[in-house]
Amino acid sequence: MVDSENQKFCLQEVLESFKSCLSPEKEIYIEHYVSGWRGLVKLLNSLGSLFGFISKDAVSKTQILMNFLKSENGPHYATVQSMVKFELDNKLVDVDKKGIYPESGCRTLLRLHRALRWLQLFLERLRTSKEDDKTSVMCRDAYNESLAQHHTWLIRKSAGMAFYGLPVRPAFFEVMNVGTPEQVVDVLGKAVPLLYEVYQITEELYQKHNLLDLP
């Protein structure tokens, strides 16, 4: 577990970031999406170095999105919806899978989108788990249901090893930094549906524009 106070994961902070993520019209603000992911990276980092392969990738992807947001085209990257429209209109997305635009905003966000599904599924299993349930099994099942299909055999093997090193459920609840187990379950009950809503809006948008299989 990391020692630095400001690097500690806090489930409540992630909840607030993803709350701010959605506009009244259900558009997704990229700045708040990135903020939410920075919180999730703290969770990954608190689980041990074996999760570094996902954590480092997430840090890299959030930085790419922030660079777009701060660029001269920044206004087009204010929301996921405006980013998709801008990049498609200007042919900045590798829809033909020719290996161009490897760091387009659409492709970058897709990688975070897939990982968000994994964490959402895992946190939902954690929310409904019993005291003696194994976090390693919960995390592995969530991974197999989501991210695994997008990873090479070698990465899947590394992930499998990482899951075995996860803390037991009571220790995991402490990592959430929101209080008692009952409070953790309560905040998870608010956070998980929100993560799913953000995921589902993105999923439908990407499906509509055939962006779910960007290389």
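**Salt bridges within helices**

Both K85 and D89 are exposed, that is, over 50% relative accessible area with a 1.4 Å probe and protein chains only.

User: What kind of model is this?
Analyst: This is a predicted model, where local features need pLDDT of at least 70, side-chain atom pairs count only at pLDDT 80 or more, and totals for chains, interfaces and linings use all residues. Residues are numbered from 1 along each chain as its sequence is written, and side-chain values use heavy atoms, with hydrogens and water left out.

User: What joins the side chains of K85 and D89?
Analyst: A salt bridge, 2.7 Å from N to O. The term covers a side-chain nitrogen of Lys or Arg within 4 Å of a carboxyl oxygen of Asp or Glu.

User: Where are K85 and D89?
Analyst: In helix 4 (residues 80-89), four residues apart, so about one helical turn separates them. Helices are DSSP runs of H or I, at least four residues, numbered from the N terminus.

User: How many salt bridges are there?
Analyst: The count is eight. Among them is K61 with D57, at 2.8 Å from N to O; both lie in helix 3 (residues 52-70), four residues apart.

User: Is K61 buried or exposed?
Analyst: K61 is buried, at 10% relative accessibility, where buried means under 20%. D57 is at 34% and counts as partly exposed, the class between the two cut-offs of 20% and 50%.

User: What about K190 and D186?
Analyst: Their side chains form a salt bridge at 3.4 Å, N to O, within helix 9 (residues 181-208). K190 is partly exposed at 49%, and D186 is partly exposed at 43%.

Definitions and conventions: Helices (H or I, at least four residues) and strands (E, at least two) are DSSP runs, numbered from the N terminus.
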